[in-house]
Amino acid sequence: MSAVMKSSTAAAPVLSASGLSKRFGAVVAAQDVSIDVAAGERVSLIGGNGAGKTTFVNMVTGYLKPDAGRITLGGQDVTALGPREITRRGVARSFQIPQLCAEMTVLDSVLVAASCGEGALSPWRPARTSARKDAALALLDRFALGGHARRRVSELPGGVRKLLDIAMALTGHPRLLLLDEPTSGVSADEKLPMMDTIMAALAGEPVAVLFVEHDMDVVDRYSDRVIAFWSGKVIADGSPAEALADEQVRRYVTGTAR
Amino acid sequence: MLLTILIDGVTYASWLFIVALGLTLVFGVLKILNIAHGSFYALGAYAAASFVGWGATLQIAPAFSLVAMLLAAVAVAAIMAPLTERGLLRVFYGRDEVLLVLVTYALFLILEDVTKLVWGANPYYVSEPYQLLGNVQVGAQSYVGYDLALVAVAVACGLAVWWGLNRTRSGKIVLAVIHSPEIAASMGVNVSRVYTFAFMLGVFLAALGGALTAPMISVQPGVSVGVIIVSFAVVIIGGLGSIEGAAIGALIVGLARALAVHTFPAVELFSIYVAMAVVLIFRPEGLFQRMQARKI
Amino acid sequence: MRETSVRRTVAAGVATIALLLAVGWMLPRWLQFLATMAFANGVVTLGIVLLMRGGVVSFGQGMVFAVGGYAAALGSNRLGITDALLLVPAGGLIAALVAAPFAPLLARYRGIFFAMLTLALSMVLYGVLVKSSTLGGSDGFNVARPTIAGQAISNAASGFAMYALAVVVTGVLAIACAVYFASVRGLVSLAVRENELRVEYLGGSVRRVMAGNFVAAAFLGGTGGALAALSLGHIEPEFSYWTRSGEFVFAAILAGHHGVIATFVASLLLEIVRSFSNLYFPNTWQLALGVFLLVVIRFLPRGIGSLWLDRRDRDAPAAGAQAEELQSQAPARNGTTLPGGAA
């Protein structure tokens with residue numbers, strides 16, 4: 001079961017997106033999308049291909065600028081910012097196809113991730129101090145990746161690469177973490193153990209997690225809130241039970257219309 | 001004076017265009033920026049010197065020397081292209097574009113010595129063909145017929161390549177490969193053969209440029225070095241992979257050089273590379289965009 | 001993995017400098033000169049290695065090499081500053097200052113375009129130098145022997161004096177580079193080389209890293225140029241010609257991008273090969289170099305092949321079902337522009 005940590009309703013939501021719209025030519029990727037996420041929530045974003053989930057993620061992480069609408073993080077307007085500035089404000093993401101450095105070791109990858117989040121990059125302080133390495137190894141251990149520390153990324157199996165991708169996103173202690181299809185490309189029998197590992201690693205962190213998922217089993221088990229997309233619009237937003245029973249969701253997403 | 005500059009510039013632009021056309025073609029199809037292209041130019045010049053020399057020794061008619069130069073270019077292409085493309089470049093296909101540039105740089109180094117080993121270090125002069133077409137009187141000035149013929153050849157090459165690419169079936173296949181080798185392959189195109197053909201054409205054009213300019217220069221080691229850098233400037237200014245770009249680029253460089261030489265000699269070399277830098281800074285794809293500049 | 005520490009690197013460096021000075025004292029004059037030039041060139045090559053660690057190859061390092069050389073030469077001839085301990089760092093500094101305005105611009109370029117722009121800039125300088133009669137035109141001009149720390153150098157002592165100068169200067173810079181390569185910024189540079197998008201998403205400024213690298217490489221190039229000019233006693237526009245830049249790139253490839261020491265070993269090897277070949281095999285040494293370069297490119301993945309990833313290993317980020325990246329199978333793979341997202 002996922003650890004549920006609800007913040008007090010008085011605090012500003014970690015993420016507040018209102019009225020987001022985005023078109024690519026004739027394709028409506030987002031239509032008046034409004035979503036608030038509180039600290040510590042575990043939210044899954046579901047929807048078919050092209051429904052708007054990843055567009056939403058791209059807008060929140062600064063990769064795309066919405067045509068209309070506002071995005072605020074903890075009350076601060078970040079609509080116009082790029083990925084680097086948004087990361088500095090406590091947002092991190094993982095990628096559907098893990099974005100890694102093939103020739104680096106797992107340990108170095110985490111060291112780089114941690115360093116990038118620190119601000120100014122020192123041209124003389126050693127990158128591989130004991131303190132930094134210990135911190136990196138501790139993080140890797142939370143994802144059961146400690147044993148891979150010295151291996152080069154290009155040698156890693158797919159599931160390990162995905163976990164590393166997520167671990168790197170956590171180095172900055174983000175308050176909002178977006179996981180883009182964390183279990184995609186992973187075999188069916190590996191999905192749940194992998195999500196267990198991820199959620200366990202996230203358990204201690206007061207971070208709100210949004211994950212894009214296609215597997216309804218994963219959605220049901222690991223999220224306390226489900227937001228369904230279709231055709232650029234949010235068509236459902238509620239508990240997994242509510243959302244998955246919703247008429248439109250059943251018709252357009254899960255394909256189990258009565 | 002203006003006419004002199006114009007003719008001077010256009011003449012220079014002509015052989016430069018022939019060479020640049022080959023360079024831009026090879027880049028367009030194989031995505032390889034070939035430093036050794038200038039070496040093929042040099043080989044063409046040396047081969048022409050040899051062929052013309054043999055023609056003279058065998059006492060064939062002087063007019064034959066023009067044919068000899070053409071044959072020289074063909075010979076260079078026939079020998080060097082398969083050797084280079086199949087024997088060397090193919091080993092590195094799929095690798096980073098800059099790495100392939102370095103491979104061609106290594107080839108340039110090798111060919112520098114190969115020409116020295118084959119032809120020696122002393123210069124060759126093969127100026128007889130230059131006189132062959134006599135002089136043309138335009139107003140008060142007399143211009144060498146050879147230069148004007150060179151312009152004609154350049155135009156012919158440009159038109160031939162353009163027509164070949166855009167109006168023939170094989171040309172359309174080449175265009176398909178330029179656009180996407182993968183899609184072309186999936187439609188049954190023998191992409192590998194297209195690469196070989198494109199490269200051979202590129203080498204031929206470089207060698208032709210060399211062969212045709214041989215009568216105007218002293219053919220000696222180091223000829224390639226200047227040609228390489230100038231032809232690079234041309235294709236960058238015109239746009240990598242673009243035929244029109246090679247033409248306009250060659251004209252710009254040729255005319256700028258002629259202008260500088262006749263009016264403000266201090267500026268000659270400098271101007272070409274300033275143009276190259278300016279284009280890279282403000283419009284990196286060149287004047288005729290064919291590829292997306294690798295820029296963030 | 002050994003615990004890296006600045007102190008240990010400095011200690012190792014100082015020890016190496018001392019060793020080289022001791023060895024150099026006993027070398028014949030011609031070998032001292034050869035080593036001096038190898039060190040001067042090695043510093044310039046180090047600049048290229050530094051840039052390669054960020055994923056770009058400069059074909060115009062000759063520009064800063066020439067700027068440093070001319071700065072030192074002019075300082076000596078026109079301004080009467082003869083102390084090498086002033087001229088050499090000045091060469092580096094002035095080269096860095098000349099490069100600095102271009103750094104933010106070049107920080108946005110990659111691949112062939114970075115190479116071509118650096119090439120163009122160095123050729124612009126070459127064009128200017130060749131035509132400037134006040135600077136000696138294409139022949140350049142001679143540079144008087146420098147003084148060191150106020151002391152004039154006698155003919156007899158000049159061999160070792162210049163050698164010692166080169167050893168100390170390059171030693172200091174080599175230490176600095178080793179520290180930099182092991183530093184936070186140095187490690188992030190390596191990440192930028194492989195996946196700059198991810199670095200941006202992690203909060204690192206890729207442009208700042210690349211611009212910083214460019215200026216640092218310029219400083220190294222300028223210092224090497226000043227050293228070379230003072231050691232040769234001569235400066236000429238050829239310092240900025242593209243073939244000279246090519247030689248530095250060649251050396252950097254031999255060296256690989258992991259080691260500072262490898263850079264100087266490669267430089268020394270090249271200098272030896274160059275000297276002997278010019279004497280005994282004038283018509284085949286370039287051929288040998290070319291073949292050697294091909295062999296290195298082909299068969300030394302750690303040093304060389306890892307400098308450039310096969311881009312087919314890189315998948316399109318953030319796209320998934322979206323932006324279809326047509327992985328081109330053209331012989332040369334060019335880095336594509338960042339993919340946009342379509343829902």
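Start with a greasy spot on the outside of chain C: in this predicted model, a nonpolar surface patch of about 760 Å² is built from Trp30(C), Leu268(C), Ile272(C), Phe276(C), Leu279(C), Tyr280(C) and Phe281(C). Helix H11 of chain C, residues 260-280, gives the largest share of the patch, with five residues. Trp30(C) comes from elsewhere, namely helix H2 of chain C, which covers residues 29-52. Is Trp30(C) buried or exposed? Its relative accessible area is 51%, and since exposed means over 50%, Trp30(C) counts as exposed.

Now look at helix H10 of chain C, residues 242-255. With 14 residues at 1.5 Å a residue, H10(C) should span 20 Å, and its end C-alpha atoms are indeed 20 Å apart, so the two agree. This helix is largely enclosed by the rest of the structure, because 13 of its 14 residues are buried. Right after H10(C) comes Gly256(C), which has a positive phi, near 80°.

Step back and take in chain C as a whole. You'll find twelve helices and three strands there. Chain C has 343 residues, and 61% of them count as buried. Its accessible surface adds up to about 12600 Å², with 66% of that belonging to carbon and sulfur atoms. If you take the contacts in chain C between residues at least 6 apart in sequence, 79% of them join residues at least 24 apart.

Finally, how do the chains meet? Two pairs of chains touch, and chains B and C have the most contacts of these. Chain A and chain B don't touch: their nearest C-alpha atoms sit 14 Å apart.

How values were computed. Residues numbered from 1 in each chain as written. Chains lettered and ligands numbered in written order. Predicted model: local features only at pLDDT ≥ 70, side-chain atom pairs only at ≥ 80, totals over all residues. Heavy atoms only, no water. Contact = heavy atoms within 4.5 Å. Helix = DSSP H or I, 4+ residues; strand = E, 2+ residues; numbered from the N terminus. Expected span 1.5 Å × (residues − 1). Buried < 20%, exposed > 50% of the residue type's maximum accessible area, 1.4 Å probe, protein only. Patch = residues over 30% accessible without salt bridge, like charges linked within 9 Å, V, L, I, M, F, W, Y side chains within 5 Å. Areas by Shrake-Rupley, 256 points an atom, 1.4 Å probe, with all protein chains shown as cover. Salt bridge = Lys/Arg side-chain N within 4 Å of Asp/Glu carboxyl O.
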